[in-house]
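I opened this structure to learn my way around it. These are my notes, in the order I looked things up.

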Amino acid sequence: MKSILVTGATRGVGEALTLKFAQKGHVIYALARTRSQLNSLIEKCGVDKVIPFEVDVSKKEQVEEATTAIEREYGTPDVLINNAGIVENVSFADQGLEMIDRIVDVNLKGTLYVTHCVVPGMIARGSGRIINISSVAGTRGIPGQAAYCASKFGMNGFGDTLAQELLPKGVLVTTICPGGIDTPLWDSDKNPYPGDKTRIMQPQEIVDLIEFLVNQPKGTLHKKIVMFPTNEWH
Ligand SMILES: NC(=O)c1ccc[n+]([C@@H]2O[C@H](COP(=O)([O-])OP(=O)(O)OC[C@H]3O[C@@H](n4cnc5c(N)ncnc54)[C@H](OP(=O)(O)O)[C@@H]3O)[C@@H](O)[C@H]2O)c1
């Protein structure tokens with residue numbers, strides 16, 4: 001059984017990952033900001049399977065506190081899945097500076113903070129797997145998503161570098177770049193999905209891919225995977 005740290009564990013892809021891995025008997029360190037949703041995750045999975053941490057990944061101190069507690073109580077996680085993310089579909093000129101900061105802080109800096117806290121333990125142990133959930137917005141520009149694209153291109157550059165640095169240390173880093181997924185990220189009123197919602201991917205498809213990766217032997221690195229609904233091209 002593995003220990004798996006999942007950021008953004010309470011909704012969408014992160015929740016689907018947590019439910020699946022908990023059901024398979026793994027232990028999940030679940031990070032997200034909303035306590036009530038962390039509690040409902042525990043109710044669904046059991047206290048022995050989900051260890052909750054109320055954390056905003058863009059806040060260094062909160063990330064350090066949670067990862068230090070995980071390290072102290074349970075040891076370094078076997079797997080880190082950097083999944084927490086936010087998006088706003090607004091043209092760049094109309095996007096406020098606060099929202100730009102927020103998108104970069106959560107998606108990019110949050111990924112760097114959590115990874116920076118977990119990597120030393122993985123290096124010391126000589127094993128580990130890091131999976132970053134980026135986006136097709138990290139492979140090409142998408143109008144309406146300038147700050148989001150900037151954050152996801154940043155994640156891809158980070159993942160590529162980290163994969164090279166950590167390969168000789170026994171730690172495998174994979175970047176996944178999905179197209180549209182049917183999750184609460186898209187709100188039909190406030191933040192409608194810009195593509196065809198009837199052709200969108202399901203969270204389970206990302207979960208299946210991650211389950212495959214986590215169970216792979218260490219002889220092969222899946223460095224970057226781009227996946228999208230067949231009515232899109234990226
Ligand atoms: N949905 C798509 O079409 C799509 C496509 C490509 C890539 N992605 C990427 O996939 C990942 C998951 O997206 P999703 O669609 O599952 O999103 P979602 O349904 O909106 O869920 C986002 C999760 O992240 C958490 N979160 C948000 N801000 C956070 C913060 N500052 N600190 C800690 N946790 C935070 C949320 O919980 P709290 O709000 O309680 O913190 C929630 O658990 C994201 O990185 C997203 O960019 C999504």
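Before listing neighbours I fixed one term: contact means heavy atoms within 4.5 Å. I also noted that this is a predicted model.

**Entry 1: threonine 174**

I began with threonine 174, which lies in strand E6. Is threonine 174 buried or exposed? Its relative accessibility is 0%, so it counts as buried. I then listed its contacts, leaving aside neighbours within four places in sequence. They are Ile130, Ile131, Asn132, Leu213, Leu221, His222, Lys223 and Ile225. I looked for a polar partner too. A polar atom of the threonine 174 side chain lies 2.7 Å from the backbone oxygen of histidine 222.

**Entry 2: leucine 213**

Leu213 was on that list, so I went there next. Leucine 213 belongs to helix H6, residues 203-214. It counts as buried, because its relative accessibility is 0%. Which residues does leucine 213 touch, not counting those up to four places away in sequence? I found Arg129, Ile131, Thr174, Ile176, His222 and Ile225. I also checked a distance to valine 63, 150 residues away along the chain. The two C-alpha atoms are separated by 25 Å.

**Entry 3: the sheet**

Next I traced the strands. What is the strand order in the open sheet? I read seven strands as E3-E2-E1-E4-E5-E6-E7, with parallel pairing. Strand E3 (50-54) and strand E7 (224-227) stand at the edges. Each has a single partner strand, so one side of each is left without a neighbour in the sheet. From one strand to the next the twist averages 15 degrees.

I checked two pairs. Strand E1, residues 3-7, is joined to strand E2, residues 27-32, by five bridges, and the two run parallel. Valine 6 has alanine 30 in E2 as its bridge partner. E6 and E7 also pair in the parallel sense, over four bridges. There, cysteine 177 is matched with valine 226 in E7.

I followed the side chains along E7, and they alternate. Ile225 and Met227 point to one face and are buried. Lys224 and Val226 point to the other face and are not buried.

**Entry 4: helices across the sheet**

I picked out two helices. Helix H3, residues 60-74, lies across E1, E2 and E3. It runs at about 155 degrees to E3. Helix H4, residues 97-125, lies across E1, strand E4 (79-82), strand E5 (128-133) and strand E6 (171-178). Its angle to E4 is about 165 degrees.

**Entry 5: the ligand**

How many residues surround the ligand? I noted 31, and the closest are Thr10, Arg33, Thr34, Tyr148 and Thr183. Then I went through the polar contacts. A backbone N or O atom of valine 57 lies 2.9 Å from a ligand nitrogen. A polar backbone atom of asparagine 83 is 2.8 Å from a ligand oxygen. Tyrosine 148 places a polar side-chain atom 2.5 Å from an oxygen atom of the ligand. Taken alone the ligand exposes 890 Å², and the protein buries 98% of that.

**Entry 6: threonine 183**

I finished with one of the closest residues to the ligand, Thr183. Threonine 183 sits in the loop between E6 and H6. Its relative accessible area is 12%, so it is buried. Not counting residues up to four places away in sequence, threonine 183 touches Gly12, Val13 and Pro203.

How values were computed: Residues are numbered from 1 along each chain as its sequence is written. This is a predicted model: local features need pLDDT of at least 70, side-chain atom pairs count only at pLDDT 80 or more; totals for chains, interfaces and linings use all residues. Side-chain values use heavy atoms; hydrogens and water are left out. Two strands pair if DSSP finds at least two bridges between them. Axes are lines fitted to C-alpha atoms, for helices over the stretch in contact, and angles run from 0 to 180 degrees between N-to-C directions. A residue is near a molecule or strand if one of its heavy atoms lies within 4 Å of it. A polar contact is a pair of N or O atoms within 3.5 Å; within protein, one must be able to donate a hydrogen and the other to accept it, and residues adjacent in sequence count only if both atoms are side-chain atoms. Accessible areas come from the Shrake-Rupley method with a 1.4 Å probe; for residues, only the protein chains shown count as cover. Buried means under 20% relative accessible area, exposed over 50%, partly exposed in between (1.4 Å probe, protein chains only).
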